[in-house]
Amino acid sequence: FEPVYYDGYVLYNELKSDGTAYIDLGHKGDSTHRYELYLEIDKPDGYVGCFGTRVGNSETKGYFLTLNYSSTIYSGISDGASYIQKNVQVQASNKIKVSYTASKIEVTINGTTTSQTGNVANFITDGNLFAFALNISGTSTLMKSNAKYHSIKEYDANGVLLYHYVSAKRQSDSVLGLLDVVNGVFYTNVA
């Protein structure tokens, strides 16, 4: 768990959604970047969104992490013409790491990594990335997930850390959210 201190905030190991809350991460996705998610997902009653953005019900120009009632996680990236997707069966409270690049998706569950390779063209998503939900053309129309996020990291094409979201409580008003410790910006529940 890192970092351990940030002035004005209490940092936590996880932030859990109640199934209605979600957080807009404040920027669009970029296919030249690498994303690393570390989370746990509870089994839902239906099909839920956990992370990402896309255009409409297609996977056009987007990243997505979803979970269905049979506990299959679907992680993918698509430029509209090319597509990479990795589906993995999970159990309740499995700690999951998902890594996205334009050529590979890796899913690690309890220390075992599986991957899917491919290639997508460079693109910028139309909408902002969401945590605890999937941004579908500007709205979160899927059920929100009962996920527990430990961290979200985004690196540029050269491996420079651009964003590092950690679970936090703002001390001034006791509001919970995700704190980007690289840029000093705090993101809270949109719902």
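**Note on a predicted model: cavity, core, strands and pocket**

1. The largest share of the lining of the largest cavity, three residues, is supplied by strand β15. The model under review is a predicted one. Two elements, β3 (23-30) and β15, each give two or more residues to that lining. The residues around the cavity are L25, H27, Y35, F51, L129, I152, K153, E154 and Y165. Sorted by class, they comprise six nonpolar, one polar and two charged residues.

2. As for its size, the largest cavity has a volume of about 30 Å³. How many cavities of 30 Å³ or more does the structure hold? It holds one.

3. The largest nonpolar core has 40 residues, and those that touch the most other members are L25, L37, F51, L65, I73, Y100 and Y149. Strand β4 (residues 34-41) contributes the largest share of this core, four residues. Another core, of seven residues, lies apart from it and includes L11, V166, V181 and F186. As a general point, nonpolar side chains in soluble globular proteins tend to be buried together.

4. F51 deserves separate attention. It belongs to the group of core residues that touch the most other members, and F51 also lines the largest cavity. Which residues is F51 in contact with, leaving aside its neighbours within four places in sequence? They are L25, Y35, L37, Y63, F64, L65, Y100, L129, F130, A133, L134 and Y149. Of these contacts, L25, Y35 and L129 are also found in the lining of the largest cavity.

5. Strand β5 (residues 48-55) is mostly covered, with seven of its eight residues buried. Its pairing with strand β6 (residues 60-67) is antiparallel and consists of six bridges. One position in this pairing is V48, whose bridge partner in β6 is L67.

6. β5 also pairs with two further strands. With β12 (residues 124-131) the sense is antiparallel, over two bridges, and G52 has F130 as its bridge partner there. In which sense do β5 and strand β13 (residues 135-136) pair, parallel or antiparallel? They pair in the parallel sense, again over two bridges; here T53 stands opposite N135.

7. T60 is located in strand β6. Why does T60 count as partly exposed? Its relative accessibility is 27%, and the partly exposed class lies between the limits of 20% and 50%. Not counting residues up to four places away in sequence, T60 touches R54, V55, S78 and G80. T60 and G80 are 20 residues apart along the chain, yet their C-alpha atoms are separated by 4.2 Å.

8. The largest pocket has a volume of about 370 Å³. It is lined by 17 residues, of which E2, Y38, K97, S151 and K153 are the closest to its centre. K153 is also part of the lining of the largest cavity.

9. Several strands share in the lining of this pocket: β4, β9 (95-100), β10 (104-109), β15 (147-155) and β16 (161-170) each supply at least two residues. Which strand gives the most? It is β9, with four residues. By class, the lining of the largest pocket has five nonpolar, six polar and six charged residues, whereas that of the largest cavity has six nonpolar, one polar and two charged.

Conventions: Residues are numbered from 1 along each chain as its sequence is written. This is a predicted model: local features need pLDDT of at least 70, side-chain atom pairs count only at pLDDT 80 or more; totals for chains, interfaces and linings use all residues. Side-chain values use heavy atoms; hydrogens and water are left out. A nonpolar core is a set of buried Ala, Val, Leu, Ile, Met, Phe, Trp, Tyr and Cys residues joined through side-chain atoms within 4.5 Å. Buried means under 20% relative accessible area, exposed over 50%, partly exposed in between (1.4 Å probe, protein chains only). Contact means heavy atoms within 4.5 Å. Two strands pair if DSSP finds at least two bridges between them. On a 1 Å grid over the protein atoms alone, a cavity is a set of points where a 1.4 Å probe fits but cannot get out, and a pocket is an open set with protein on both sides within 12 Å along at least five of seven lines; lining residues have an atom within 4 Å of a point. Grid points are joined across faces, edges and corners, and a volume is the space filled by probe spheres set on the points. Ala, Val, Leu, Ile, Met, Phe, Trp, Tyr, Cys and Pro count as nonpolar, Asp, Glu, Lys and Arg as charged, and the others, Gly among them, as polar.
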